[in-house]
Amino acid sequence: MSPFLDLPPLGAAQFAAIEDQVAALLHTTADVIVQQGEALLPLEAAVRGAAHPGSTALNIVTGPYGQTFGNWLRDCGAEVVDLAVPFDRAVSAEQVARALLEHPGIDFVSLVHAEAATGNTNPVAEIGAVVREHGALLMLDAVASVAAEPLLTDEWGVDLCVIGGQKAMGGPAGVSAVSVSERAWARIAANPAAPRRSYLSLLDWKERWTDAGRTVLPHAPAQLEMLALGACLDRIAADGLPATIARHRAAAAATRAGVRNLGTLTPFVPRDRDAAPVATTLRTAPGTNAAELAARLDPALPVQAGGGALAAEMLRVNHYGRAASLETVLAVLAALADATGADHRPEAAELAWADALAG
Ligand SMILES: *Cc1c(COP(=O)(O)O)cnc(C)c1O
């Protein structure tokens, strides 16, 4: 007997309740649409809904996802201003303000909150204020920040906020969500190039689901993934969102402190305040190949080599879901000590964990 087969149908009311739980998690009163695909689906849907020939987008590139957004924006015929910073730090609100001043025609801004691939996080509250003052629409990729750090969609002026369940939420990768502000709906509705009668269409969901009272689902939902998303939302509610966030902050702080204590690896993101709580990236010593080092570790540990060119020099310690625990952090540090010939003394990590939870 498989628990995955012959399930009762997932009804519209259950689907709508999950959307409402996501809205609460995002601190938004805007419409939330749970899309039946990985987070790249709502990200592409948001970009294609808002961008069009004649619009100018500021694409903030602080990691690999920003490059993807830039490609979609150009494909939509928008003029794109790329603001790229090195992947080991945050972009500042001053840099964003300068770009907006230099290009007054900017009407759309794409930003990644935390970058799991490179381990940096951006100050969205300050950037959101600058973007709002300019009058542009703000799209935020919060896939790697949700449940790992505060995410105040409405307060920060985020118009399109995209999340997925597979990172700090410890949930499924196959469904994801986007919140859409009134301003964003108006913009998308006025865009003749916005997808319609398409899997990428947010307007189709608005028309056939949200505005129709959420009583009849337009398509068969990805039932198992929806059940898993509901389960991880329930777990976050039971643990408490502040406690979940604190655990991720503590895991990152403890990993950084422990690694500095080892001395054989260094945090890839030098400044603590630029470091994402969802994943801690590490730079290997010159001459030590990160992919080779990762291959020697117990595959049960949440450590992997960086993607692409970073595989040679970067390790990534993921603090996803239950892995954001002191026990897991200490196990990772012990394994890294062993693999790099360092002494493992857990005190520095333990102290940083306690400090982060107290602060
Ligand atoms: C993980 C992540 C996504 C989701 O994409 P995958 O490549 O499928 O993992 C999107 N944006 C960011 C910033 C992420 O960290």
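These exercises look at salt bridges and one annotated region in a predicted model.

**Exercise 1.** Decide whether Arg196 and Asp204 form a salt bridge, and classify each as buried, partly exposed or exposed.

*Solution.*
Step 1. Recall the cut-off: a side-chain nitrogen of Lys or Arg must lie within 4 Å of a carboxyl oxygen of Asp or Glu.
Step 2. The closest N and O atoms of Arg196 and Asp204 are 3.1 Å apart. The pair therefore counts as a salt bridge.
Step 3. Buried means under 20% relative accessible area, and exposed means over 50%.
Step 4. Arg196 has 38%, so Arg196 is partly exposed. Asp204 has 7%, so Asp204 is buried.
Step 5. Now widen the view. Arg196, Arg197, Asp204 and Glu207 are linked in a salt-bridge network.

**Exercise 2.** Find which parts of the chain the salt bridge between Asp272 and Arg256 ties together.

*Solution.*
Step 1. Check the contact: N to O is 2.9 Å for Asp272 and Arg256.
Step 2. Place each residue. Asp272 lies in the loop between β8 (265-267) and β9 (279-284), and Arg256 lies in helix α9 (residues 241-262).
Step 3. The pair therefore ties together parts that are 16 residues apart in sequence.
Step 4. Classify Arg256. Its relative accessible area is 5%, so Arg256 is buried.

**Exercise 3.** State how many salt bridges the rule gives, and name one between a Lys and an Asp.

*Solution.*
Step 1. The count is 19 salt bridges.
Step 2. One of them joins Lys206 and Asp211, at 3.3 Å from N to O.

**Exercise 4.** Describe residues 14-299.

*Solution.*
Step 1. An unreviewed UniProt entry lists these residues as "domain: Aminotransferase class V".
Step 2. Over residues 14-299 the chain is 41% helix and 17% strand.
Step 3. The end C-alpha atoms of this stretch are 36 Å apart.

Key:
Residues are numbered from 1 along each chain as its sequence is written. This is a predicted model: local features need pLDDT of at least 70, side-chain atom pairs count only at pLDDT 80 or more; totals for chains, interfaces and linings use all residues. Side-chain values use heavy atoms; hydrogens and water are left out. Buried means under 20% relative accessible area, exposed over 50%, partly exposed in between (1.4 Å probe, protein chains only). Helices (H or I, at least four residues) and strands (E, at least two) are DSSP runs, numbered from the N terminus. UniProt positions are given in the numbering used here, feature names are shortened, and annotations may be inferred rather than shown by experiment.
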